[in-house]
Amino acid sequence: MKEVKLIIVGFGNIGRRFAEVLEAKKGFISRKYGLGFSVVAIAEKNGSLVNEKGLDLKKALKVQLARNPCWTGRKSLDVIKSVEADIMLELTPGDIRSGEPGLSHIMRALEAGKDVVTSNKSPIALKFREIMEYARKKGCEVRYEATVGGAIPIINLYRNTLQVNEVRNVYGILNGTTNFILSKMSEESVDFDIALKEAQELGLAESDASYDVDGVDTAVKLVILANSLMGRNISFKDVKVSGIREVNSETLDLAKKHGSEIRLIGDVAAMEVSPRLIPKNHPLNISGALNAVLIETDVAGDIILVGVGAGPRETSSSLMSDVLDLGVRKR
Ligand code: HSE
């Protein structure tokens, strides 16, 4: 059985959940695909666990990384370069201004001839062309389904199934945290701060929640969709962004009186993120941490996708789809 070796960089909410899902699905994957996966390193910026024969994930999940007796000061960039592996998973939180540390991790993996799977939006939104061109040059793959829409297959749906279509527009709800907050405020009269705190406790929000609330996260996803589904070459600064801080219980009530809800919408064609009125029975009128995306195409017509848009476990489904697809190619 082919054994695919993985390096996980970033072991926070998403990294840990991914490891749990991988562990839980190991038997199923080996029966169905004749493929084994072993995690040969888990790395953070300033330290790592490394075992070239494969780490015991259950043990690694039991304690905080730095408390593990096998934890060493070997840094992520060194591990990515020198530990033998097929795929590097970049699961650190991103800084939208610099894309770091994810950008350096991704470039280092490609330099070392490793494929990349990531949930980290910032480097993909900031340096899409550079990353993809470098990957091509090195004969490597970069997969990023998990960067947009949590569990919803959008990028791979386009890659694998809608290839022949010209995508004319993509718009919808691309941020689970703000959708969760807006629905809680409207349906349960919960205050903004309490709803935000709940979203943070559920692991939905970014480490800096203003990215969610101020529309930055939606704009970043919009850039990724524009560049990868519509062949654009835009960056974050090209998008007009307003978040949900101005939305209060009065505006939500007023919207309701007119048979609508307020939702934070990203619109690629308009290059805009803004709160908009969505009529009650419109397919984009969804509640909770769900995302809803409308893809307008020339041949297939309109496609609407709805699913869980944030959350470490659901996002792991998208990570697994990329990891599995690359793994199958290596059999
Ligand atoms: N904070 C993001 C959201 C996580 O709420 O949608 C998923 O990208």
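Colleague: Which strand is joined to β7 by two bridges, and in what sense do they run?

Modeller: This is a predicted model. In it, β7 runs antiparallel to the strand spanning residues 260–267, with two bridges between them. In that strand, tyrosine 171 has aspartate 267 as its bridge partner. The strand joined to β7 by two bridges is β9, and they run antiparallel.

Colleague: How many bridges join β7 to β11?

Modeller: β11 covers residues 290–297 and runs antiparallel to β7. One of the paired positions is valine 170, whose partner in β11 is isoleucine 295. The number of bridges that join β7 to β11 is six.

Colleague: What is the strand order of the open sheet that holds β7, and which strands stand at its edges?

Modeller: Six strands make up this sheet, and the pairing is mixed. The order is β8-β10-β9-β7-β11-β12. Two strands each have a single partner, so one side of each lacks a neighbour in the sheet. Those edge strands are β8 (240–241) and β12 (302–308).

Colleague: Which residue of β12 is the bridge partner of alanine 292?

Modeller: β11 and β12 run antiparallel and are joined by seven bridges. The partner of alanine 292 in β12 is valine 306.

Colleague: At about what angle does α8 run to β9?

Modeller: α8 covers residues 176–188. The helix lies across β7, β9 and β11. Helix α12 (residues 249–257) also packs on this sheet, touching β9 and β10, and its direction makes about 105° with that of β9. For α8, the angle to β9 is about 170°.

Colleague: Why is β7 largely enclosed by the rest of the structure?

Modeller: β7 spans residues 167–173. The strand is largely enclosed because its residues are mostly buried: six of the seven.

Colleague: Is asparagine 175 buried or exposed?

Modeller: Asparagine 175 sits in the loop between β7 and α8. Buried means under 20% relative accessible area. At 2%, asparagine 175 is therefore buried.

Colleague: With which side chain does the side chain of asparagine 175 make a polar contact?

Modeller: The asparagine 175 side chain also reaches the backbone nitrogen of threonine 177, at 3.2 Å. Beyond four places in sequence, asparagine 175 is in contact with Asp212, Asp217, Thr218, Lys221 and Asn291. The side-chain polar contact, at 2.8 Å, is with aspartate 212.

Colleague: How far does a polar side-chain atom of aspartate 212 lie from a nitrogen atom of the ligand?

Modeller: Asn175 and Asp212 are among the residues that surround the ligand, as are Gly176 and Thr177. Lysine 121 places a polar side-chain atom 2.8 Å from a ligand oxygen. Leucine 204 has a backbone N or O atom 2.8 Å from a ligand nitrogen. For aspartate 212, the distance to a ligand nitrogen is 2.7 Å.

Colleague: What share of the ligand's accessible area does the protein cover?

Modeller: On its own, the ligand has 250 Å² of accessible area. The share covered by the protein is 92%.

Colleague: Which strands stand at the edges of the sheet with the order β3-β2-β1-β4-β5-β6?

Modeller: This open sheet has six strands with mixed pairing. An edge strand here has a single partner, so one side is left without a neighbour in the sheet. The edge strands are β3 (47–50) and β6 (142–143).

Colleague: In what sense do β1 and β2 pair?

Modeller: β1 covers residues 2–9 and β2 covers residues 35–44. Isoleucine 7 has alanine 41 as its bridge partner in β2. Over eight bridges, the sense of pairing is parallel.

Terms used:
Residues are numbered from 1 along each chain as its sequence is written. This is a predicted model: local features need pLDDT of at least 70, side-chain atom pairs count only at pLDDT 80 or more; totals for chains, interfaces and linings use all residues. Side-chain values use heavy atoms; hydrogens and water are left out. Helices (H or I, at least four residues) and strands (E, at least two) are DSSP runs, numbered from the N terminus. Buried means under 20% relative accessible area, exposed over 50%, partly exposed in between (1.4 Å probe, protein chains only). A polar contact is a pair of N or O atoms within 3.5 Å; within protein, one must be able to donate a hydrogen and the other to accept it, and residues adjacent in sequence count only if both atoms are side-chain atoms. Contact means heavy atoms within 4.5 Å. Two strands pair if DSSP finds at least two bridges between them. Axes are lines fitted to C-alpha atoms, for helices over the stretch in contact, and angles run from 0 to 180 degrees between N-to-C directions. A residue is near a molecule or strand if one of its heavy atoms lies within 4 Å of it. Accessible areas come from the Shrake-Rupley method with a 1.4 Å probe; for residues, only the protein chains shown count as cover.
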